[in-house]
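Please open the structure in your viewer and keep the selection tool at hand, since this tour moves from one selection to the next.

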Amino acid sequence: MRAIRLLLIMLVSLGPGLSVGQAQPPDDQSAQRFLQQQRLADEQLRKQRQELAPLESLLDWQWGGWLDYYYFNFNDGLQSSRNAHRPGLAVWTRLRMDQEAHEVFARLRLRYSYFHPGDEIDRQEDWVGPEFDQLWYQVDFGRALRLSRPADPLQLRARIGRQTVRFGTGYALDLPMDSVLLDAKICDFRVLGLLGKSIPNYPNLDRSEPVDSHSDRLFYGVQLAYEGWQKHVPFIYALWNNDRTDERPKHLFQDYSYDSFYLGFGSRGQILHNLNYWAEGVFESGHSFGDRNFLVKDHIEAFGWDLVIEKLFDLPTRPRIVAEYMFASGDSGRLFSPTSAAGGNRGDFKDTSFAAFGFRDTGICLAPTLSNLHIWRVGGSLAPLEKWEWFHDLEIGTNWFLYAKHRERAAISDPLADQFSGYVGWEMDYFINWRLASDLAWTMRWGTFFPGSAYTNQGTRHFLFTGLTWSF
């Protein structure tokens, strides 16, 4: 038995919604945005939790965990300053057997959120967990049955349990769920098959009040990627979402079902030395229900895309720069919400507002949902003091965002953008990541959003989080 230190991934992404036939209450939307901002905070820590584990023995058992404490201070457009604290604990274990033919992984998490009196959005304090956010078993059939070796052209693996599932680059699907994933390699082709179910207490895509706090969806999908080229991996996928979420309470004159289909395609790879890219386009179809509608379904015709270029430099301080363009279509009939049924589409039975289950960094302060938006991002990072040993793992960086509506009259996920104008605003974010020791990391990210003509209130907003993570 061998125990090692490990830094692993944290994931958070939640949010509340609307009441029937009305615009989203600003307080509820603030809670949604804050939880999106917390996930962005967690994503900032992803590189700090990478696995470092030898795989030499027949039976390899590892365990570990982390303690963290994070502080948030922000202006959400409704209140100039809110203060929140979020301590957390995670414990994980991994068992690999028979030269990685079998693998079991479990991670148990407990988190506590506390707002200063008067600063709360939904409630002043809240416990989440203890609960398993990852719990799965994986089998490599070729190794388990002694039918293949790693270099053979035919490979098949299955992973069963609670896990994060990503198709493509994650623009349409990047979601934790209970699922069965089949991963097959056939020569230079890789096929991924999905049969999944949403986690019951995970917030819904629809932020309407009767369905916002829970979700019951089935996901089916298949992805095909070609890995025969040295520097490019093109892919295409088809994904189905079947919404079975119940209403709490039941509303007789509003249906909240959102059944969607996504056809995605794209590629990731390297254009030149140290010049990387990834790109994804998504067509969405299916059926939804408009505002105050329970008899006739709307037909979904939406689309979105994401294009990213990243340049690395073989220079001291390890500089990098990145440019990204995100797009998600909107619908001019959605005056109050880009994704919900209540307060959603009206005037016709065609819904052109993009709504999916992916994740992107859209700015920590505004943190909008990817719907009815053009977003441009430029950023970069470097390690300015790498020649000093104690500061070798100190990274600083920035991201700047520009936001514009696709449909000027349509809503975005922030209900405070209450004007029929296309210019949403811009944001600048800065971050610091510093591994002070092999088991201790500190991070800080802060941003300022400058509203555009889409807002009546032109006051700037800020968001700051900082905290420590101790791994064991």
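Two residues are said to touch, or to be in contact, when heavy atoms of one lie within 4.5 Å of heavy atoms of the other. With that in mind, and remembering that what you see is a predicted model, select valine 180, which touches Arg159, Ile160, Gly193, Leu194 and Leu195 once residues up to four places away in sequence are left out. Valine 180 belongs to strand β6, which covers residues 174–186, and because its relative accessibility is 32%, valine 180 counts as partly exposed.

**From valine 180 to a charge over a ring**

Keep valine 180 selected and add tryptophan 136: the two are 44 residues apart in sequence, yet their C-alpha atoms are 9.4 Å apart in space. Now add arginine 159, one of the residues that valine 180 touches, and you will find that arginine 159 lies over the face of tryptophan 136, at 3.7 Å from the ring centre. For another arrangement of this kind, select lysine 311 and phenylalanine 313, where the charged end of the lysine sits over the ring, 5.5 Å from its centre.

**The whole protein**

Clear the selection and look at the full chain, in which there are two helices and 19 strands. Along its principal axes, the C-alpha trace spans about 65 × 50 × 45 Å. A compact globule of 472 residues would have a radius of gyration near 23 Å, and the protein has 22 Å, so the two values agree. If you switch on the surface, the accessible area comes to about 20,800 Å², and 62% of it belongs to carbon and sulfur atoms. Buried residues make up 53% of the 472 residues. Among contacts between residues at least 6 apart in sequence, 63% join residues that are at least 24 apart.

**The core and phenylalanine 72**

In soluble globular proteins, nonpolar side chains tend to be buried together. Which residues touch the most other members of the largest nonpolar core? They are Phe72, Leu173, Leu194 and Tyr455, in a core of 58 residues. The largest share of this core, four residues, comes from strand β9, residues 232–243.

Select phenylalanine 72 next and show what surrounds it: not counting residues up to four places away in sequence, it touches Phe34, Gln38, Ala41, Arg82, Asn83, Ala84, Arg86, Phe463, Leu464 and Phe465. Phe72 also belongs to an aromatic cluster, which it forms together with Tyr70, Phe74, Phe463 and Phe465.

From Phe74 in that cluster you can step to phenylalanine 115, which touches Phe74 as well as Phe34, Asn83, Ala84, Glu120, Ile121, Arg123 and Gln124, again leaving out residues up to four places away in sequence. Phenylalanine 115 lies in strand β3, residues 102–115. Is phenylalanine 115 buried or exposed? Its relative accessibility is 6%, which is under the 20% cut-off, so phenylalanine 115 counts as buried. If you add cysteine 187 to the selection, you will see a wide separation, for phenylalanine 115 and cysteine 187 are 72 residues apart in sequence and 54 Å apart in space, C-alpha to C-alpha.

**An aromatic pair**

A pair of aromatic rings is described by the distance of the centres and the angle of the planes. The protein has 33 aromatic pairs. To examine one of them, select phenylalanine 189 and tyrosine 226, whose ring centres are 5.0 Å apart and whose planes meet at 55 degrees, so the pair is tilted. Phenylalanine 189 lies in strand β7 (residues 189–198) and tyrosine 226 in strand β8 (residues 217–226), so the pair ties together parts that are 37 residues apart in sequence. Phenylalanine 189 is partly exposed, with a relative accessible area of 38%, and tyrosine 226 is partly exposed as well, at 22%.

**Backbone stops**

Finally, show the backbone atoms and select glycine 129 and proline 130, which are joined by a cis peptide bond with omega of about 5 degrees; proline 130 has its place in strand β4, residues 125–140. A cis peptide bond also joins arginine 248 and proline 249, where omega is about 0 degrees, and proline 249 is found in the loop between β9 and β10.

End with glutamate 100, which has a positive phi of about 70 degrees although it is not a glycine, and which lies in the loop between β2 and β3.

How values were computed
Residues are numbered from 1 along each chain as its sequence is written. This is a predicted model: local features need pLDDT of at least 70, side-chain atom pairs count only at pLDDT 80 or more; totals for chains, interfaces and linings use all residues. Side-chain values use heavy atoms; hydrogens and water are left out. Rings of Phe, Tyr and Trp (its six-membered ring) pair if their centres lie within 6.5 Å; planes under 30 degrees apart count as stacked, over 60 as edge-to-face and the rest as tilted. Buried means under 20% relative accessible area, exposed over 50%, partly exposed in between (1.4 Å probe, protein chains only). A charge sits over a ring if NZ of Lys or CZ of Arg is within 6 Å of the ring centre and within 35 degrees of the ring normal. A nonpolar core is a set of buried Ala, Val, Leu, Ile, Met, Phe, Trp, Tyr and Cys residues joined through side-chain atoms within 4.5 Å. The radius of gyration is taken over C-alpha atoms; the globule rule is 2.2 Å times the number of residues to the power 0.38. Accessible areas come from the Shrake-Rupley method with a 1.4 Å probe; for residues, only the protein chains shown count as cover.
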